[in-house]
Amino acid sequence: MNSFGEKLRFSTFGESHGVAIGCLLDGVPAGLKIDEEFIQAELDRRKPGKSEFETARKEDDKVEILSGVFEGKSTGTPIAMVIYNTNQKSRDYSNIKDIFRPGHADFTYFYKYGIRDYRGGGRSSARETAARVAAGAVAKIMLRELGVEVLSGICEVDGIKAEKFDYEAAKESIIFALDAGKEEEQKDAILKAKNEHDSVGGVSRVLIKGAPKGLGEPLYYKLDAVLADAMMGINAVKAVEIGDGVLSASLKGSKNNDEIRSSGFVTNHSGGILGGISNGDEIVMNVYFKPTPSIFKEQKTVTTANEEVDFALKGRHDPCVAIRGTVVCEAMAALVIADMLLLNMGSQMDRVAKYYK
């Protein structure tokens with residue numbers, strides 16, 4: 001499947017070394033002012049080649065809107081956007097034409113489809129996520145109209161954990177670090193791994209502010225379940241926590257419950273979601289990225305003919321995929337919340353009657 005969402009649904013297309021990547025976003029209400037500069041700015045945050053902490057592949061990631069917008073506003077019809085690939089170096093992958101790269105989807109894609117696109121992973125490449133960021137930017141524009149904000153930053157790199165979460169400071173950090181006091185140590189860990197031809201993992205912390213109470217569709221389209229689905233669908237993500245997440249399993253109910261006063265919840269162990277429905281508090285998630293599997297150390301693997309070989313990878317790769325991945329987390333979270341807002345409009349009869357009467 002290449003589509004996601006219910007009322008606000010998007011599909012992506014394209015491959016890492018193909019002509020272009022892009023998306024088709026359907027369900028955007030007509031009359032939304034489309035801020036093309038903002039969409040481009042979101043893509044610029046994710047685009048490669050900005051610093052030594054990212055892949056050296058340089059792509060402009062210039063987005064072009066093909067349909068669904070007239071005189072600066074959405075028309076209610078599908079919004080199509082395309083981003084042309086301009087800096088492919090497919091020859092970098094010629095030495096692995098018939099070799100499965102450890103930690104990559106090469107192996108599983110081959111046995112599912114029977115076709116080997118060795119050019120940077122083809123469809124399974126994280127290059128595809130640029131299209132998700134474009135779609136997510138439109139969702140963010142929708143949310144902005146409703147006072148909802150999606151923020152994120154890196155709270156852990158190579159086991160080095162943030163002790164505070166400053167989302168405004170993260171916007172100014174080249175690695176989106178949430179804790180300026182840990183940033184240099186995290187940067188050093190990334191560069192050390194890079195210089196050793198290795199990679200490190202990291203954790204993105206996502207914060208959703210201003211989401212109203214009542215978002216989520218029990219029992220089989222719960223808000224936390226769909227958010228987890230969206231995050232787990234991002235390349236290299238291996239785990240997602242809502243609120244206290246794993247820690248909740250080691251707490252007693254008296255410690256894990258969020259007591260309620262007339263002014264709201266006293267604590268937020270739940271991460272803003274109860275019973276799969278938003279409770280009006282801040283929604284908090286931790287998204288865990290594995291180390292980038294593209295490393296330049298010699299590794300053991302097999303060929304498409306199941307012959308054992310040793311090989312060393314070439315190419316241009318992120319030493320810590322979580323850095324650019326956190327921007328994708330924001331985009332997917334925005335798409336989920338916007339979708340849930342549209343779904344929630346028909347949850348009570350008085351809302352339907354208010355519109356049609």
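Helices (H or I, at least four residues) and strands (E, at least two) are DSSP runs, numbered from the N terminus. This is a predicted model, in which local features need pLDDT of at least 70, side-chain atom pairs count only at pLDDT 80 or more, and totals for chains, interfaces and linings use all residues. Residues are numbered from 1 along each chain as its sequence is written, and side-chain values use heavy atoms, with hydrogens and water left out.

Start with the sheets. Two strands pair if DSSP finds at least two bridges between them. One open sheet has five strands in the order 1-2-3-7-4, and its pairing is antiparallel. Strand 1 (3-4) and strand 4 (63-67) are the edge strands, each pairing on one side only. Inside this sheet, look at strand 2 (residues 9-14) and strand 3 (residues 20-26). They run antiparallel and are joined by six bridges. Arg-9 has Asp-26 of strand 3 as its bridge partner.

Another open sheet of five strands follows the order 9-8-10-16-11, again with antiparallel pairing. Its edges are strand 9 and strand 11 (237-242); each has a single partner strand, so one side of each has no neighbour in the sheet. Strand 8 and strand 10 run antiparallel, with eight bridges between them. Here Glu-156 has Val-203 in strand 10 as its bridge partner.

Now turn to a hairpin. Strand 17 (residues 299-302) and strand 18 (residues 308-311) run antiparallel and share four bridges. Gln-299 stands opposite Phe-311 of strand 18. Five residues lie between the two strands of this hairpin, and Asn-306 in the turn has a positive phi of about 65°.

Backbone angles also stand out in other loops. Glu-71 is not a glycine, yet has a positive phi of about 50°. Find Glu-71 in the loop between strand 5 (69-70) and strand 6 (73-74). Accessibility has three classes: buried means under 20% relative accessible area, exposed over 50%, and partly exposed in between (1.4 Å probe, protein chains only). Glu-71 is exposed, because its relative accessibility is 70%. Asp-158 is not a glycine either, and has a positive phi of about 50°. Asp-158 sits in the loop between strand 8 and strand 9 (160-161). Its relative accessible area is 46%, so Asp-158 is partly exposed. A cis peptide bond runs from Pro-218 to Leu-219, with omega near -5°. Leu-219 belongs to the loop between strand 10 (202-209) and helix 6 (223-232).

Next, a helix residue. Gln-186 lies in helix 5 (residues 180-195). Gln-186 is buried, because its relative accessible area is 1%. Contact means heavy atoms within 4.5 Å. Leaving aside neighbours within four places in sequence, Gln-186 is in contact with Cys-155, Glu-156, Val-157, Ile-160, Ala-162, Ile-175 and Ala-177.

Cys-155 leads to the cysteines. A disulfide is a pair of cysteine sulfur atoms within 2.5 Å. The whole structure has zero disulfides. Why is Cys-155 not bonded to Cys-329? The two sulfurs are 10 Å apart, and Cys-329 holds the closest cysteine sulfur to that of Cys-155, so the gap is too far for a bond. Cys-329 is likewise in no disulfide. Cys-155 counts as buried because its relative accessibility is 7%. Cys-329 is buried too, with a relative accessible area of 0%.

Last comes a pocket. On a 1 Å grid over the protein atoms alone, a pocket is an open set of points where a 1.4 Å probe fits, with protein on both sides within 12 Å along at least five of seven lines; lining residues have an atom within 4 Å of a point. A volume is the space filled by probe spheres set on the points, which are joined across faces, edges and corners. The second largest pocket has a volume of about 390 Å³. It is lined by 20 residues, and the closest to its centre are Glu-42, Arg-45, Lys-140, Lys-171 and Glu-330. Helix 1 (36-46), helix 3 (129-145), strand 8 (149-157) and helix 4 (167-172) each supply at least two lining residues. The lining holds ten nonpolar, two polar and eight charged residues. In this count, Ala, Val, Leu, Ile, Met, Phe, Trp, Tyr, Cys and Pro are nonpolar, Asp, Glu, Lys and Arg are charged, and the others, Gly among them, are polar.

Glu-42 is in helix 1. Glu-42 is buried, because its relative accessible area is 8%. Beyond neighbours within four places in sequence, Glu-42 is in contact with Val-133, Ala-137, Lys-140, Val-327 and Glu-330.
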